[in-house]
Amino acid sequence: MLGLPDAATACLFDMDGVLTRTATVHAAAWKQMFDDFLRERDGDSFTPFDQEADYDTYVDGKRREDGTRSFLESRGIELPEGSPDDPAGAATINGLSSRKNELVLDKLRENGVELYDGSVRYVRAAREAGLRTAVVSSSANTAQVLDAAGIADLFDARVDGVTAKEHDLAGKPAPDMFLAGAEALGVPPSQAVVFEDALSGVQAGRAGGFVFVVGVDRVGQAEALKSHGADTVVKDLEELL
Ligand SMILES: [Mg+2]
């Protein structure tokens, strides 16, 4: 009934793009932060951050500081790392990253979090069928986003950007975060299913030896999701119900 192999006893859901429509919020926050920085540095003739191309290539799915560093490198800009205590917006990797985070939290407070309703129905159905559920996301704001969306109680465990830092887990496409999610639910990968919308995410699912990897295609990349490791690809989790 859930479109999964019989061996499945647990579901590991990526958040951004699978459960919540927060990708646009992140892209807008990156753009505002980088454009403010570039305008300050280069004047009005600066080349703005491209919310699609630059977002996909340099920042999507990465840990925040890695995203900041990676985009600046693409522009040949080198900044000191600074420290997590740097004021938001300071011209360091940490300062700019904090500013981006501040902007995301502002936007989420102002506009709330939009959910994919089909995914929420699916998570509820999985729980009713007795499967255990976890969220596995690189976002350091996972707890706040789940709370704001009112769906925190649908998950038995959470592995996120904060946990990953604490336990020194490698980011996706390494399988470490999903493996930690399965462990938190007390099941081996051979009984856990991964739900992902990112290429690096389905790759992580394949690398971890999970029983099944569901690719969620929000942007028309079904073939790429398959070739990176998805066992099946759907446009919405509703299709599996
Ligand atoms: Mg995602």
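# Helix packing and the largest pocket

In this structure, which is a predicted model, α1 passes α4 in a right-handed crossing. On the α1 side the contact is made by V25, H26, A28, A29, W30, Q32, M33 and F37, and these meet L96, R99, K100, L103, V104, K107 and L108 of α4. Sorted by class, the contact of α1 with α4 holds 10 nonpolar, 2 polar and 3 charged residues. The two helices pack at an angle of about 135°, and their axes are 9 Å apart. Because an angle over 145° would be needed to count as roughly antiparallel, α1 is described as oblique to α4.

Helix α1, which spans residues 23-42, also packs against α3, here at an angle of about 45° with the axes 12 Å apart. That angle makes α1 oblique to α3, and the crossing in which α1 passes α3 is right-handed. The residues that meet are W30, M33, F34, F37 and L38 in α1 and R64, G67, T68, F71 and L72 in α3. By class, this contact of α1 with α3 has 7 nonpolar, 2 polar and 1 charged residues. W30, M33 and F37 of α1 thus appear in the contact with α3 and again in the contact with α4.

Helix α3 (residues 64-74) and helix α4 (residues 93-111) also pack against one another, with axes that come within 9 Å and cross at roughly 115°. This makes α3 roughly perpendicular to α4, and the crossing of α3 and α4 is right-handed. In α3, the residues R64, E65, T68, R69 and L72 meet I93, N94, L96, S97, K100 and N101 in α4. The class make-up of the contact of α3 with α4 is 3 nonpolar, 4 polar and 4 charged residues. The three pairs are set side by side below.

| Helix pair | Axis angle | Axis distance |
|---|---|---|
| α1 and α4 | about 135° | 9 Å |
| α1 and α3 | about 45° | 12 Å |
| α3 and α4 | roughly 115° | within 9 Å |

The helices of these contacts also take part in the largest pocket, which has a volume of about 1,200 Å³. Of the 45 residues that line this pocket, D16, H26, Y55, D60 and G61 are the closest to its centre. H26 is also one of the α1 residues in the contact with α4. At least two residues of the lining are supplied by each of α1, α2 (53-59), α3, α4, α7 (161-167) and α9 (199-207), and α1 gives the most, with 5 residues. By class, the lining of the largest pocket divides into 14 nonpolar, 15 polar and 16 charged residues.

Two backbone features belong to the loop between α7 and α8, where α8 covers residues 176-185. D168, which lies in this loop, has a phi near 60°, a positive value in a residue other than glycine. P173 has its place in the loop between α7 and α8 as well, and the peptide bond that leads from K172 to P173 is cis, with omega near 15°. Both features are worth noting because most residues other than glycine have a negative phi, and most peptide bonds are trans.

Technical notes
Residues are numbered from 1 along each chain as its sequence is written. This is a predicted model: local features need pLDDT of at least 70, side-chain atom pairs count only at pLDDT 80 or more; totals for chains, interfaces and linings use all residues. Side-chain values use heavy atoms; hydrogens and water are left out. Axes are lines fitted to C-alpha atoms, for helices over the stretch in contact, and angles run from 0 to 180 degrees between N-to-C directions. Helices (H or I, at least four residues) and strands (E, at least two) are DSSP runs, numbered from the N terminus. Angles under 35 degrees count as roughly parallel, over 145 as roughly antiparallel, 65 to 115 as roughly perpendicular and the rest as oblique. A crossing is left-handed if the near helix is turned anticlockwise from the far one by less than a right angle, and right-handed if clockwise. Contact means heavy atoms within 4.5 Å. Ala, Val, Leu, Ile, Met, Phe, Trp, Tyr, Cys and Pro count as nonpolar, Asp, Glu, Lys and Arg as charged, and the others, Gly among them, as polar. On a 1 Å grid over the protein atoms alone, a cavity is a set of points where a 1.4 Å probe fits but cannot get out, and a pocket is an open set with protein on both sides within 12 Å along at least five of seven lines; lining residues have an atom within 4 Å of a point. Grid points are joined across faces, edges and corners, and a volume is the space filled by probe spheres set on the points.
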